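Hi everyone, thanks for coming along. I have one structure to share today, so let me put it on the screen.

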Amino acid sequence: MGQVSASSSIVVAAEPKRALEAIADYETVRPRILSSHYRDYKVVEGGKGAGTVAEWTLQATEKRSRNVRAAVSVSDSMVTERDSNSSMVTTWTVTPQGTGSLVNVRTSWKGAGGIGGIFEGIFAPLGLKKIQAEVLENLKRELA
């Protein structure tokens with residue numbers, strides 16, 4: 001059982017503080033930037049920043065979905081979502097980039113063992129990167 005991860009980045013036209021606040025806004029911004037792969041999205045606690053708990057179903061493929069219950073923590077340059085239903089952790093990191101910000105999103109989890117784990121390690125990151133890229137493009141439009 002190995003670590004599986006996928007990450008994607010984009011440059012947005014917003015200062016880091018504004019970009020981080022948008023990423024940590026699970027009440028207003030997040031529902032607008034999610035791709036069609038996310039279903040049944042709802043905020044359970046909080047809504048903005050640390051202490052927020054949100055739930056959704058991530059429909060990665062036609063046959064693979066994951067119910068996520070994400071507990072959110074926030075630091076100066078990072079928003080972290082820890083799924084209480086699995087080992088999945090998603091980290092959004094924001095750093096200055098020219099007049100805007102570089103936003104990187106990285107999702108990792110402990111993969112399955114055996115032959116299934118081998119396929120998961122190869123194919124899951126490819127699919128997840130496409131989903132991440134779509135969400136990041138939506139964030140870029142939101143901050144434009």
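I'll talk about one serine and then about a cavity. Please keep in mind that this is a predicted model.

Let's start with serine 108. You'll find serine 108 in strand 7, which runs over residues 100-110. Is serine 108 buried or exposed? Its relative accessibility is 8%, and because the cut-off for buried is under 20%, serine 108 counts as buried.

What does the side chain of serine 108 pair with? There is a polar contact of 3.4 Å with the side chain of glutamine 3. The side chain of arginine 106 also makes a polar contact with that of serine 108, at 3.5 Å. If we set aside neighbours within four places in sequence, the residues in contact with serine 108 are Gln3, Val4, Ser5, Ser87, Met88 and Val89.

Now, on to the cavity. How many cavities of 30 Å³ or more does the structure hold? Just one. The largest cavity contains about 180 Å³ of space. It has 16 lining residues, and those closest to its centre are Tyr38, Glu81, Thr90, Trp92 and Thr107.

Where does that lining come from? Strand 3 (53-59), strand 6 (89-97), strand 7 and helix 3 (114-143) supply at least two residues each. Helix 3 gives the most, with four residues. As for chemistry, the lining of the largest cavity splits into 11 nonpolar residues, three polar and two charged.

So strand 7 turns up in both halves of this talk: serine 108 sits in it, and it helps to line the largest cavity. Thanks for listening!

Definitions and conventions:
Residues are numbered from 1 along each chain as its sequence is written. This is a predicted model: local features need pLDDT of at least 70, side-chain atom pairs count only at pLDDT 80 or more; totals for chains, interfaces and linings use all residues. Side-chain values use heavy atoms; hydrogens and water are left out. Buried means under 20% relative accessible area, exposed over 50%, partly exposed in between (1.4 Å probe, protein chains only). A polar contact is a pair of N or O atoms within 3.5 Å; within protein, one must be able to donate a hydrogen and the other to accept it, and residues adjacent in sequence count only if both atoms are side-chain atoms. Contact means heavy atoms within 4.5 Å. On a 1 Å grid over the protein atoms alone, a cavity is a set of points where a 1.4 Å probe fits but cannot get out, and a pocket is an open set with protein on both sides within 12 Å along at least five of seven lines; lining residues have an atom within 4 Å of a point. Grid points are joined across faces, edges and corners, and a volume is the space filled by probe spheres set on the points. Ala, Val, Leu, Ile, Met, Phe, Trp, Tyr, Cys and Pro count as nonpolar, Asp, Glu, Lys and Arg as charged, and the others, Gly among them, as polar.
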